[in-house]
Amino acid sequence: MKVENLTKTYGGRRVLSIDNFNFEKGVIYAVLGANGSGKSTLAKLLCSLERADEMSKITDIGKVLYMPQKSYCFQMSVMKNILLGGRDEKRAKMLIERLGLTRLSASAAASLSGGESARMALARTLMSKCDMLILDEPTAAMDISSTSVSEEIIKEYARENGCCVLLITHSVKQALRVADEVIFLYEGEIAEWGEAKSVLNDPKDGRTRRFLEFYGA
Ligand SMILES: Nc1ncnc2c1ncn2[C@@H]1O[C@H](COP(=O)(O)OP(=O)(O)OP(=O)(O)O)[C@@H](O)[C@H]1O
Ligand SMILES: [Mg+2]
């Protein structure tokens, strides 16, 4: 999955500018960076929710599944919301159980709490197979135990499907637990990209280093 010259401009302001990169199957990439650094914009361009600027080229990306940063729900039960992602009821039940939604599966999705909605949205996203899975801060609203279960499910999904995963997160610890590689965005550019442990424990780029200093504080 190749991307060349990926740029996005909003109202004359360039918010993303990436020369070229290659996403490989079977690899989990964590995307880190400050608020406004372009993480969600990158996600939306890759799943064609937004159009990139004229010269950009995205090739051979295959089927993309995307969980947006703001989880949405349809006006129906939790179970029905999840089945919108795929018809396999056995899989839906398995995800519902593991994500602790069993008691809520017949409830109206609109009544869920923030973390519960995120769990429902993750289950709905993981109902079918894909070539590229893009998760935009999937666990930001979740408690510690739901976060841990979600991380396991995401890793399992990647292993079973052999797809590539883009996990956008503000948690360095999560990136270390889940990702093979880290992409660090700074003001719309890739400041650093490499093996997760190496980038996060020994950043080469000054911008990455300054960002990571806050975690040690
Ligand atoms: N539709 C839009 N119109 C104008 N500007 C936009 C639009 N969408 C995003 N932006 C701007 O682009 C920049 C990047 O936004 P983006 O949502 O990609 O950031 P992010 O890295 O996901 O941040 P966060 O950590 O807060 O989620 C921001 O400065 C934002 O204000
Ligand atoms: Mg975002």
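Strands S1 and S2 form a hairpin with 2 residues between them, and in the turn Gly11 has a positive phi of about 50°. The two strands pair in the antiparallel sense over 8 bridges, and one of the facing pairs sets Tyr10 opposite Arg13 in S2. The model described here is predicted. Tyr10 and Gly11 reappear among the residues that surround ligand 1, and the hairpin strands belong to an open sheet of 3 strands.

**The sheet that holds the hairpin**

- The order of the 3 strands in this open sheet is S2-S1-S4, and the pairing is antiparallel.
- Strand S2 (13–22) and strand S4 (57–59) stand at the edges with a single partner strand each, which means that one side of each has no neighbour in the sheet.
- From one strand to the next, the twist averages 25°.
- S1 is joined to S4 by 3 bridges, with the two strands running antiparallel, and Lys2 stands opposite Thr59 in S4.

**The mixed sheet**

- A further open sheet is formed by 6 strands in the order S5-S6-S7-S3-S8-S9, and its pairing is mixed.
- Its edge strands are strand S5 (64–67) and S9, each of which pairs on one side only.
- Neighbouring strands of this sheet are turned by 15° against each other on average, with direction ignored.
- S5 and strand S6 (residues 132–136) pair in the parallel sense over 4 bridges, and in this pairing Met67 stands opposite Leu135 in S6.
- Helix H5 (residues 144–161) lies across S3, S6 and S7, and it runs at about 155° to S7.

**Strand S3 and its two partners**

- Which strands does S3 run parallel to, with 4 bridges? S3 is joined by 4 bridges to strand S7 (residues 164–168), running parallel, and by 4 bridges to S8, again running parallel.
- On the S7 side, Ala30 stands opposite Leu167, whereas on the S8 side the bridge partner of Tyr29 is Glu181.
- Because 5 of the 5 residues of strand S3 (residues 28–32) are buried, the strand is largely enclosed by the rest of the structure.
- Ile28, Ala30 and Leu32 point one way from S3, while Tyr29 and Val31 point the other way, and all of these residues are buried.

**The surroundings of ligand 1**

- The residues that surround ligand 1 are Tyr10, Gly11, Val15, Gly33, Asn35, Gly36, Ser37, Gly38, Lys39, Ser40, Thr41 and Gln69.
- Divided by character, this shell has 2 nonpolar residues, 9 polar residues and 1 charged residue.
- Helix H1 (residues 39–46) gives the most to the shell around ligand 1, contributing 3 residues.
- The hairpin is also represented in the shell, since Tyr10 and Gly11 are listed there, Tyr10 being the residue opposite Arg13 in S2 and Gly11 the turn residue with a positive phi.

**Positive phi outside glycine**

- Which residue of strand S1 has a positive phi although it is not a glycine? Asn5, with a phi near 50°, lies in strand S1 (residues 2–10).
- Asn5 has 15 C-beta neighbours inside 10 Å and therefore counts as partly exposed.
- Glu187 likewise is not a glycine, yet it has a positive phi of about 45°; its place is in the loop between strand S8 (181–186) and strand S9 (189–195).
- Because Glu187 has 15 C-beta neighbours inside 10 Å, Glu187 counts as partly exposed.

**The chain as a whole**

- The chain has 8 helices and 9 strands, and its C-alpha atoms fill a box of roughly 50 × 40 × 35 Å, taken along the principal axes.
- For 217 residues, a compact globule would have a radius of gyration near 17 Å, and the chain agrees with this because its own value is 17 Å.
- Of the 217 residues in the chain, 41% are buried.
- Among contacts between residues at least 6 apart in sequence, 67% join residues at least 24 apart.

Definitions and conventions: Residues are numbered from 1 along each chain as its sequence is written. Chains are lettered from A and ligands numbered from 1 in the order in which they are written. This is a predicted model: local features need pLDDT of at least 70, side-chain atom pairs count only at pLDDT 80 or more; totals for chains, interfaces and linings use all residues. A residue is near a molecule or strand if its C-beta atom, placed from the backbone, lies within 6 Å of it. Ala, Val, Leu, Ile, Met, Phe, Trp, Tyr, Cys and Pro count as nonpolar, Asp, Glu, Lys and Arg as charged, and the others, Gly among them, as polar. A residue is buried if 20 or more other C-beta atoms lie within 10 Å of its own, exposed if 12 or fewer, and partly exposed in between; C-beta atoms are placed from the backbone. Two strands pair if DSSP finds at least two bridges between them. Axes are lines fitted to C-alpha atoms, for helices over the stretch in contact, and angles run from 0 to 180 degrees between N-to-C directions. Two residues are in contact if their C-beta atoms, placed from the backbone, lie within 7 Å. The radius of gyration is taken over C-alpha atoms; the globule rule is 2.2 Å times the number of residues to the power 0.38.
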